[in-house]
Amino acid sequence: MKAIHKKSLAVCAGLLMCFAAMGAYMKLPEIKELLSSLQSDSLFYNSTTSVDPFRKEELLPPVVKELNPSYTIKASLLPDQATITGTVTMTFDNPQTEKLYLYYYGYKWNNNKISAIRWKGKSMSYNRRDPVLVLDNPAKNETRTQLEVVFETKIPRGPTRFGVHEGIWTLTHWYPMLGAMDQQKRWYEPPQVIGYGDPYIYHYADYEVDMVAPSSFEWVTSWGRGKKSSNEGGRSTYHFTGKKLLNFTMVGSPLYKVETVKISPNLTVDIGSTDVAHLAKLKEIATQVLPIYSKLMGELPYPRIGIAETGDRTVYAMEYANMAIIAKHMFNGNQVEHWLPHELAHLWWYNSVENIEPYTGWMDEGLVEASVTFYYRERFGEKAAAKILAEYQADANKLAKAYPYGKLSNHLTQFKDYYEFDWTWYSNAALLFDNLRKQLGDQLFFDFLKRVQSNYQHKVIGPEHLDQALGQTLGAEAQYFVPNVHKQNQKSFIPIAAEYYVDIIIGQTHFYPATRGRIRNQVVYLPLRETLEQLGFKVTSDQANRTIRAESKRNVIVFHEKSDRYVLNGIERKMPVPLLEWHARSLFPLALLNEGLGYRVTYQKEKRTVTIQ
């Protein structure tokens, strides 16, 4: 989204310390040589790359613990009173914590009401400190539990992100939802609304929604236009079903004209507007943008999305689950050509893969701003993309001058003002992603984006997950995002640091050790225990003397941990470099095998493949 409703950020400093402990990584210009050798074949799709068909790298857990909630909502829109009344039944995996958190987002002056919270028909007491509701967990031993919440939501009359304006009802956060927790079962506390950014924290959920509203309404929602059944008194029930959504958003009006467009066999978009000319323009942009994004970033995991135009001056443009919302005045000066592609990119970054908005909002906002340049480059050419990037760079220059000590790691509430927030999470973060694109080249960069989508669809992630996906794309242990999150604005971006893996062939057979062979400071290292055992050695360790003993029928080798000295059949020898310690595993330099033990060893640098005979 744009202007006073952009997003947020936070990152785990401990992870930076872990990465720093990895040691001296390969950096420029060494990395450029290796990256250039990878450009001819896509690592993401190259079936000839040596990969263990049984190896499945364990992904980092999401930063929001998955409680697999589902919502059944039965509600009624009362236009004369500008109110939604209803009941939401939420079913979820019980975290078995002492307390349960619910979120009921809204405005302080909105006076949203909770009439009851029930568990198995029994009313529950709760403590309310908006937007959080806290109650005792009534069934800590249940593996899956259910709450029923009776609510009344007041709808602001005015050009707000949630409200009614010019006859268009924008229903965004209109019902209570389950709170979100981290993997240590600590509940997140969303910050208060501060006038810009998105103070919202979500989880993915399934929805069954019945909304009773005037029969004259046409709807664009997070999952289609709904099934309509007539009631008495000129009202109808609109039924919707949605899967794996961050929220369920509805934008409707008796004035709406809605057109449904098939973008691809797997993707349909509903476009709603009160203006026929605007509807045609929204359609024209969408039919250009969506295929480009699908090609560059992968297909969306959703069959149905929506684009809704709202009244004049209703907070510019906004993203919600499967929804791009754009205000009428964005057609002034053709701003829609930038901000609709921006919001449509949020269908990938925020909607399909989410981050914690108040803490790491730079992740999705920076990436969608970069995505606008991807679209412009594909449709209008390099000069058009370069013009937008120059605007981002001008913002970044102002940021470095006005806020030299600020960082991407600032939370939403930690920025000094709107300008620091805007230039940091939008322009500077977009340049962070474009800087990576320039280092990798387009092919590897977009393979990386597809890897993020493949790994983490319907997950809430942080910058460490981006680094993991980057490493998988490169076939390396990589760090880029975590270090740059903590970089001061006045300093240049830190380049990729990568420790590349090597493939191992013993005889004619590929060997896939659990600890990967790797390149560090232009030295090839192989995992000591696994490699020598594969070569017929029995390997034992002596913790008291800090030694490792490897014995075969012909040789006995004794290594000293972290040392370049070893004893072969009673004779002390020296390796070119010491053993490498990696996550409590020892790796030896490749030279040991041919220089010390007499194996025939070849190393193909361009393929990063070791062959041992």
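## Phe588 in strand β35

In this predicted model, Phe588 is part of strand β35, which covers residues 585–589. Its relative accessible area is 0%, so Phe588 counts as buried. The C-alpha atom of Phe588 lies 5.2 Å from that of Tyr525, although the two residues are 63 places apart in sequence.

Setting aside residues up to four places away in sequence, Phe588 touches Val524, Tyr525, Leu526, Pro527 and Leu528. Thr531, Leu532, Leu579 and Leu593 are also on its list of contacts.

## Helix α6

Helix α6 runs from residue 382 to residue 402. Its 21 residues, at 1.5 Å a residue, should span 30 Å, and the C-alpha atoms at its ends are 30 Å apart, so the expected and the modelled lengths agree.

Which residues of α6 are buried? They are Ala385, Ile388, Leu389, Tyr392, Asp395, Ala396 and Leu399. Viewed down the helix axis, these buried residues fall within an arc of 110°, and therefore they line one face of α6. An α-helix has 3.6 residues a turn, so residues three or four places apart point the same way.

The buried residues of α6 pack against three helices: α4 (336–345), α5 (357–380) and α7 (418–440). On the face turned away from the buried side, α6 carries the exposed residues Lys383, Lys387 and Lys401.

## Helices α4 and α5

Two of the packing partners of α6 can be described further. In α4, 10 of 10 residues are buried. They include the charged residues Glu337 and Glu343, as well as His338, Trp339 and His342. The other buried residues of α4 are Val336, Leu340, Pro341, Leu344 and Ala345.

In α5, 21 of the 24 residues are buried, so this helix is largely enclosed by the rest of the structure. Gly381 follows α5 and has a positive phi, near 105°.

## Leu279 and Asp467

Leu279 sits in helix α3, which spans residues 276–297. With a relative accessibility of 8%, Leu279 counts as buried, because the cut-off for that class is under 20%. Its C-alpha atom is 8.2 Å from that of Val258, a residue 21 places away along the chain. Apart from neighbours within four places in sequence, Leu279 is in contact with Lys257, Val258, Glu259, Ile271 and Ser273.

Asp467 belongs to helix α9, residues 463–474. Is Asp467 buried or exposed? Asp467 is buried, at a relative accessible area of 1%. Between Asp467 and Val452 the C-alpha distance is 9.6 Å, and the separation in sequence is 15 residues.

## Backbone features in loops

The peptide bond between Asp130 and Pro131 is cis, with omega at about 5°. Pro131 is located in the loop between β6 (127–129) and β7 (132–136).

Ala82 and Arg546 are residues other than glycine with a positive phi. For Ala82 the angle is about 50°, and the residue is placed in the loop between β1 (70–78) and β2 (83–93). Ala82 is buried, with a relative accessible area of 5%. For Arg546, phi is near 55°. Arg546 lies in the loop that separates β29 (538–542) from β30 (547–551), and at 44% relative accessibility it counts as partly exposed.

## Internal cavities

How many cavities of 30 Å³ or more are there? The count comes to three. The largest cavity has a volume of about 120 Å³.

The lining of the largest cavity includes the segment Val64, Lys65, Glu66, Leu67, Asn68 and Pro69. His203, Tyr204, Lys244, His458, Lys459 and Val460 also line the largest cavity. By class, this lining has five nonpolar, three polar and four charged residues. Among the charged ones are Lys65, Glu66 and Lys244, while Asn68, His203 and His458 are polar.

Definitions and conventions. Residues are numbered from 1 along each chain as its sequence is written. This is a predicted model: local features need pLDDT of at least 70, side-chain atom pairs count only at pLDDT 80 or more; totals for chains, interfaces and linings use all residues. Side-chain values use heavy atoms; hydrogens and water are left out. Helices (H or I, at least four residues) and strands (E, at least two) are DSSP runs, numbered from the N terminus. The expected span of a helix is 1.5 Å times one less than its number of residues. Buried means under 20% relative accessible area, exposed over 50%, partly exposed in between (1.4 Å probe, protein chains only). The arc is that of the directions from the helix axis to the C-beta atoms. Contact means heavy atoms within 4.5 Å. On a 1 Å grid over the protein atoms alone, a cavity is a set of points where a 1.4 Å probe fits but cannot get out, and a pocket is an open set with protein on both sides within 12 Å along at least five of seven lines; lining residues have an atom within 4 Å of a point. Grid points are joined across faces, edges and corners, and a volume is the space filled by probe spheres set on the points.
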